[in-house]
Amino acid sequence: CILQDRNKMGNKQSNNGEYGSIGDVEANAVSSDSLSHRNIDKNVKIRNQSISTLQSIVSLEEIDAAIDLIIPMSSAGANVIRPYNPRRWWLWSKFHGTVLQYGLRYMIGYMLFAAVVCVVVPRLNNPDTDTDPVDNSLRAFGLVWKYILTLTTFILTFFLNQSYNLWRQVYNLSRSVQGRTNDFGLLLATHAARDEKGEYTPEAKKLVEDVAMAVRVFHAFVYANKTRIYKCLHTDKGIARMVERKVMTQEMADALQMLDISPANRVYALIEWIVIQFRVGLEQGTLKGGYGFEEKYLEKALLLRSQYGTFGDVLDARIPLAYGHFVQIMVDVLLFCAPFACYTDMGYFSIAAVGILTLFFNGLLDLAKVMLDPLDMEDYCDGVIDINVGVFIRESNSGSVRFYKGAEYLPSSWLK
């Protein structure tokens, strides 16, 4: 969960604020490019406890901080990931939130180790003979090290590619889930019953608004399941606070808490509610459409369930332990042996060479690791490339009302 500095939110949202069309809590929180925090917000407190543990320890301040990030109806001022600029000078000027920031200490450490080797080795070998055992051993060691270098280069670049594919898959799944709920809004808005003026009937307007709220709650619970930041929303206090701040109705909260399912399965309940509301709308004439409309709507619902379920499937098998373990050992051995292998040919220049090798090889490994954690579930290289799911949620809030508001009024002659 998140512990936000409430004083920094200004007049964006009040404690009992409802969904608004303007204002982005994160816009102020990430205004400085020099922050070394995650790209989601400033002054965060993330808990790793289970939902049952959070029930007794989570505070209203933490819950409000999480709700503040999901209430706005606009994501203006915040980015899903840190922005990219192709200009060379701009890229060279970046340090915080990059692999360089987290790899610098390793680079300095290995350079110091190389300096020790450069000082100790000359004291052990005999420069007056060509058969000095220390010098010959280092030359032979350097030949073996070059084979390790080639093998590590190939395996590490392949490992990075696999990690990026997982990161991209999770991003695409998030966008796909968002797209399917937008499909609900478009289909309902275009098939809702209208009066003689072409406006929604009261029953139709209530239906599309109810589904829009269910969509917003669905997205909040999707990421309450998949991230540490919003997990507190599953607690009893979290649900009660969501009711107070108009994220959901008391009727919805009561129904959710009566269900004999785990908190993680509430997203499926919301999908079912959206489908049931659709069926009831057809039966009562609140929705107008035939077989094709019904088939397409149900198809989107089943696709939404499938795409959401794929989240867990992908993240549960992100990388086999043996694979990651082997790559880590290979890189560590390569860098540990580098000062000995480079000293014979480079002498004191090996210190700089080892630093460069560490920057690139350890940097590639760190980059691959953080790509294997796209939703920031682990404390490793904070703020590098984790996905800001708060932006997804707020974009989905906007999408939940975009289509029914876009079709709220029609040209007067279009229904005649």
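Trainee: Before we look at this one, which angles count as roughly antiparallel for two helices?
Mentor: Angles over 145 degrees count as roughly antiparallel. Keep in mind that this is a predicted model.

Trainee: Okay, so at what angle do α6 and α11 cross?
Mentor: Their axes cross at roughly 160 degrees. Helix α6 covers residues 133-191 and helix α11 covers residues 291-316, and the two axes come within 9 Å. With the cut-off at 145 degrees, α6 and α11 are therefore roughly antiparallel to each other.

Trainee: Is that crossing left-handed or right-handed?
Mentor: The crossing of α6 and α11 is left-handed.

Trainee: And which classes of residue make up the contact of α6 with α11?
Mentor: You'll find 16 nonpolar residues there, along with seven polar and four charged ones.

Trainee: Switching topic: how many cavities of 30 Å³ or more does the structure hold?
Mentor: Two. The largest cavity has about 70 Å³ of space.

Trainee: Which elements give two or more residues to the lining of the largest cavity?
Mentor: Those are α6, α7 (202-226) and α14 (389-406). So we're back at α6 again, and α6 gives the largest share of that lining, five residues.

Trainee: Which residues should I click on to see the lining of the largest cavity?
Mentor: Try Thr 181, Phe 184 and Leu 188, then Val 208, Val 211 and Tyr 404, which are among the residues lining the largest cavity.

Trainee: How many charged residues are in that lining?
Mentor: None; by class, the lining of the largest cavity has eight nonpolar and four polar residues.

Key: Residues numbered from 1 in each chain as written. Predicted model: local features only at pLDDT ≥ 70, side-chain atom pairs only at ≥ 80, totals over all residues. Heavy atoms only, no water. Axes fitted to C-alpha atoms, helices over the stretch in contact; angles between N-to-C directions. Helix = DSSP H or I, 4+ residues; strand = E, 2+ residues; numbered from the N terminus. Parallel < 35°, antiparallel > 145°, perpendicular 65-115°, else oblique. Left-handed = near helix turned anticlockwise from the far one by under 90°. Nonpolar A, V, L, I, M, F, W, Y, C, P; charged D, E, K, R; others polar. 1 Å grid on protein atoms, 1.4 Å probe; cavity = no way out; pocket = protein on both sides within 12 Å on 5 of 7 lines; lining within 4 Å. Points joined across faces, edges and corners; volume = space filled by probe spheres on them.
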